[in-house]
Amino acid sequence: MVTRAVATEPPAADAVPFAATAGDVVDQGPGARLVSRLGTDRTAGSWIGTDGRTVVAVTDEEAAREVERAGAKPKMVRHSMSELKSATQTLRSGKRVPGTAWAMDYRSNEVVVRGDSTVSADDWSALTEVAEDIGGFVRMERTQGTFTTRLNGATPILSTAGRCSAGFNVTDGTREFILTAGHCGPEGSVWFSDGRGRQEVGTTVGASFPGDDYSLIEYADGRAGEGAGVVAIGDGKGVRITGVGEPAVGQRVFRSGSTSGLRDGEVTALNATVNYPEGTVSGLIETNVCAEPGDSGGPMFSEGIALGVTSGGSGDCRTGGTTYFQPVTKALSALNVKLIVAPQEGGQSAAPSPAPSGPAAAAPGGASPGSSAPTSGIPSASTLLSRLTDPRNVGPGLLVIGGSMVALVATRWIRAEQDRRAYQRHYSAMWG
């Protein structure tokens, strides 16, 4: 269920927006900086070793020496990033086969192509021929289960599109929104926090899926509420979000979802492509964190740094599986919004500066979700209307504006009521 994490502590400071729009620079970590400096013909990605040290794949001795001088560990490989990217482009230009996915495995210097149980023998054979034509660095793997978006339409949910999870709170400087997965619902979808459609959360006002997988839900009262920089992880607990960053292969990450709660694992690949039945999504973060239906849109983070929102994958939290995430940085840039971050412990406001590279430098098993905060329930959806009609909150000359706003809210209420009734008719059989 979409939840708005409301912190009861610390009380001294409000959440502040973190500058992460298209013009801002986000620290990508030492490995990514080295790869960018040396170029795609001399490198083939980077990752975090088991000892926490950054490893960079290189194709020549001089590049290896430069990596060593920078304090990282070089690994000589045969195929450059340019070759790996060319292989993925060839795969994408061929026939689209739902139930397949591919990503660059930096650690093995290969492109891994996966096919789920829905892929026919003929389609798998044809794809294998394409891989063989590319070269011996394309590895073919069959996987159990199916690649699906983590949407759940079989239980009491929040909109007629399905049940999803809230990701992160963001702002455009005036209004506040939930950043979640794009496949959760098209523009105009109305979301509720209860199965009977009585408590409206907001409306989807922007979405991109397929291609990407992100969307914005505008809060019904325009505000995320107190503690907007905290994400819920279950049992009344939350994690303070203090910034946004890029993940690194090998980094330990955490994911929270309304179905399976808090789970952890590692980033296994970047820039992954998944051919869902609904369409192809590229540029995803691949992980071995489990997820289940209803976890779609939920936040992925590490050390309090926002990294992604849950897109889809295969498997479940009983047998394990692969889960893909939409990078937060790309979504913020495309939507022109900023992440709302939590105050630091002790009431100090978090500085609106680029995200630290600390998580990318930690050993895979040495990271934590971030500092904790208690959470409580969702404020009433009628908060805006009650504020407007309270004379104590309206100065001289503003009552007319307040009346106009009441009329506007009433118009929105009528439209939302139509969606609410459709929602109730659609799912009334599930109420018992």
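Buried means under 20% relative accessible area, exposed means over 50%, and partly exposed lies in between (1.4 Å probe, protein chains only). This is a predicted model, where local features need pLDDT of at least 70, side-chain atom pairs count only at pLDDT 80 or more, and totals for chains, interfaces and linings use all residues. Residues are numbered from 1 along each chain as its sequence is written, and side-chain values use heavy atoms, with hydrogens and water left out.

**Exercise 1. The whole protein**

Task: State what share of the 432 residues counts as buried, and how many helices and strands there are.

Solution.
- Step 1. The protein has 432 residues, and 52% of them count as buried.
- Step 2. Helices (H or I, at least four residues) and strands (E, at least two) are DSSP runs, numbered from the N terminus. The protein has eight helices and 25 strands.
- Step 3. Turn to contacts, meaning heavy atoms within 4.5 Å. Take those between residues at least 6 apart in sequence: 67% join residues at least 24 apart.

**Exercise 2. The disulfides**

Task: Find the disulfides, and say where each cysteine lies and which hand each link has.

Solution.
- Step 1. A disulfide is a covalent bond between the sulfur atoms of two cysteines. The test here is a pair of cysteine sulfur atoms within 2.5 Å. The structure holds two.
- Step 2. Cys 164 and Cys 184 are one pair, with sulfur atoms 2.0 Å apart. Cys 164 sits in the loop between strands S9 (148-149) and S10 (168-171), and Cys 184 in the loop between strands S11 (176-180) and S12 (190-192), so the bond ties together parts 20 residues apart in sequence.
- Step 3. The angle about this S-S bond is -100 degrees, and the link of Cys 164 and Cys 184 is left-handed. Cys 164 is buried because its relative accessible area is 1%. Cys 184 is buried too, with a relative accessible area of 1%.
- Step 4. Cys 290 is joined to Cys 317, S to S 2.1 Å. Cys 290 is in the loop between strands S20 (279-287) and S21 (299-302), while Cys 317 is in the loop between strands S22 (305-316) and S23 (320-327), 27 residues apart.
- Step 5. The torsion about the S-S bond of Cys 290 and Cys 317 is about 95 degrees, so this disulfide is right-handed. Cys 290 is buried at 11% relative accessible area, and Cys 317 is buried at 19%.
- Step 6. Count bonded cysteines along the chain: the pattern is 1-2, 3-4.

**Exercise 3. The nonpolar core**

Task: Which residues of the largest nonpolar core touch the most other members?

Solution.
- Step 1. A nonpolar core is a set of buried Ala, Val, Leu, Ile, Met, Phe, Trp, Tyr and Cys residues joined through side-chain atoms within 4.5 Å.
- Step 2. The largest one has 31 residues, and Tyr 106, Val 111, Val 113 and Val 138 touch the most other members.
- Step 3. Elements that give it two or more residues include strand S3 (43-48), helix H3 (81-93) and helix H4 (121-134). The largest share, four residues, comes from H3.
- Step 4. Look at Val 113. Leaving out residues up to four places away in sequence, its contacts include Leu 91, Trp 102, Leu 127 and Val 138.
- Step 5. A second, separate core has 21 residues, among them Leu 179, Tyr 214, Leu 216 and Phe 301.

**Exercise 4. Salt bridges**

Task: Is Arg 318 buried or exposed, and which residue does Arg 318 meet in a salt bridge?

Solution.
- Step 1. Side chains of opposite charge can pair when their charged atoms come close. The cut-off for a salt bridge is a side-chain nitrogen of Lys or Arg within 4 Å of a carboxyl oxygen of Asp or Glu. A search of the whole structure finds 18.
- Step 2. Arg 318 meets Asp 316 (3.1 Å, N to O). Arg 318 is exposed because its relative accessibility is 68%. Asp 316 has 17%, so Asp 316 counts as buried.
- Step 3. Compare Arg 139 and Glu 110, whose side chains meet at 2.2 Å, N to O. Arg 139 lies in strand S8 (residues 138-142) and Glu 110 in strand S7, so the pair ties together parts 29 residues apart in sequence.
- Step 4. Arg 139 is partly exposed at 25%, and Glu 110 is buried at 17%.
- Step 5. Arg 139 and Glu 110 belong to a network of salt bridges that also links Asp 105, Arg 114, Glu 141 and Glu 286.
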